[in-house]
Amino acid sequence: MHVFVKPINRFLACQVCAGLLFVQREIKMTTTGMTFFDLDWANKSADGAICRRCGFVHTFLGGGLQWLAPDQVKADDLPEDPLAGAAELP
Ligand SMILES: [Zn+2]
């Protein structure tokens, strides 16, 4: 899936390899420390975007992501991928 980051109006590119395809996974953020400091908003689940090429996990709070299948995205709207065509994780 491609990930559109609504607050910055851009598609996500992996921080490590600049990949453009991700797998979505919920990430639990519960910690007693956050409750102690009255930061319960930080305890909610995060949206994890796992890079399909290198496995790096990008973690987002706040629901600012929109997940789109590749056939819903115009290639011209995506950032440049300098490693396009490289192998991806299974
Ligand atoms: Zn990557």
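# Briefing on two antiparallel sheets and a nonpolar core

Strand E1, residues 2-5, and strand E6, residues 65-68, pair in the antiparallel sense through 4 bridges. The structure described here is a predicted model. Its protein chain contains 1 helix and 6 strands, and the elements follow the order β-β-β-α-β-β-β from the N terminus on. The points below treat the chain as a whole, then the two sheets, the core, and several individual residues.

**The chain as a whole**

- The protein chain has 90 residues, of which buried residues make up 11%.
- Among contacts in the protein chain with a separation of 6 or more, 59% are accounted for by residues 24 or more positions apart.

**The sheet E2-E1-E6**

- Strands in a sheet pair through backbone hydrogen bonds, and the pairing may be parallel or antiparallel.
- Here 3 strands form an open sheet in the order E2-E1-E6, and their pairing is antiparallel.
- The edge strands of this sheet are E2 and E6, each of which pairs on one side only.
- The E1 and E6 pairing includes a bridge between Phe 4 and its partner in E6, Gln 66.
- On the other pairing, E1 and strand E2 (residues 10-11) run in the antiparallel sense and share 2 bridges.
- Val 5 has Arg 10 as its bridge partner in E2.
- E1 and E2 form a hairpin with 4 residues between the strands.

**The sheet E3-E4-E5**

- Another open sheet of 3 strands has the order E3-E4-E5, again with antiparallel pairing.
- Which strands stand at the edges of this sheet? They are E3 and strand E5 (57-60); each has a single partner strand, so one side of each is left without a neighbour in the sheet.
- From one strand to the next, the twist averages 25°.
- E3 and E4 run antiparallel and are joined by 6 bridges.
- Phe 22 has Cys 51 as its bridge partner in E4.

**The nonpolar core**

- Which residues form the largest nonpolar core? It has 9 residues: Val 3, Leu 12, Ala 13, Cys 14, Leu 20, Phe 22, Ala 49, Cys 51 and Leu 65.
- Cys 51, a member of this core, touches Cys 14, Val 16, Cys 17, Gly 19, Phe 22 and Phe 56, when residues up to four places away in sequence are not counted.
- Phe 22 and Cys 51 are therefore linked in two ways: they are bridge partners, and they touch, under the rule that two residues are in contact if their C-beta atoms lie within 7 Å.

**Two loop residues with positive phi**

- Most residues other than glycine have a negative phi.
- Asn 9 departs from this pattern, with a positive phi near 55°.
- Asn 9 lies in the loop between E1 and E2.
- Is Asn 9 buried or exposed? Asn 9 counts as exposed because it has 7 C-beta neighbours inside 10 Å, and a residue is exposed if that number is 12 or fewer.
- Ala 18 also has a positive phi, with a value near 70°.
- Ala 18 is found in the loop between E2 and strand E3, which spans 22-27.
- Ala 18 counts as partly exposed because 16 C-beta neighbours lie inside 10 Å; a residue needs 20 or more to be buried.

**Asp 47 and Lys 44**

- Asp 47 lies in strand E4, which covers residues 46-51.
- Because Asp 47 has 18 C-beta neighbours inside 10 Å, it counts as partly exposed.
- Leaving aside residues up to four places away in sequence, Asp 47 touches Gln 24, Phe 60 and Leu 65. Of these partners, Leu 65 is one of the residues in the largest nonpolar core.
- Asp 47 and Leu 61 are 14 residues apart in sequence, and their C-alpha atoms are 6.4 Å apart in space.
- Lys 44 is found in the loop between helix H1 (32-36) and E4.
- Lys 44 is partly exposed because 13 other C-beta atoms lie within 10 Å.
- What does Lys 44 touch, not counting residues up to four places away in sequence? Its contacts are Met 29 and Leu 61.
- Lys 44 and Met 29 are 15 residues apart in sequence, with a C-alpha to C-alpha distance of 5.8 Å.

Definitions and conventions
Residues numbered from 1 in each chain as written. Predicted model: local features only at pLDDT ≥ 70, side-chain atom pairs only at ≥ 80, totals over all residues. Core = buried A, V, L, I, M, F, W, Y, C linked by C-beta atoms within 7 Å. Pairing = 2+ DSSP bridges. Axes fitted to C-alpha atoms, helices over the stretch in contact; angles between N-to-C directions.
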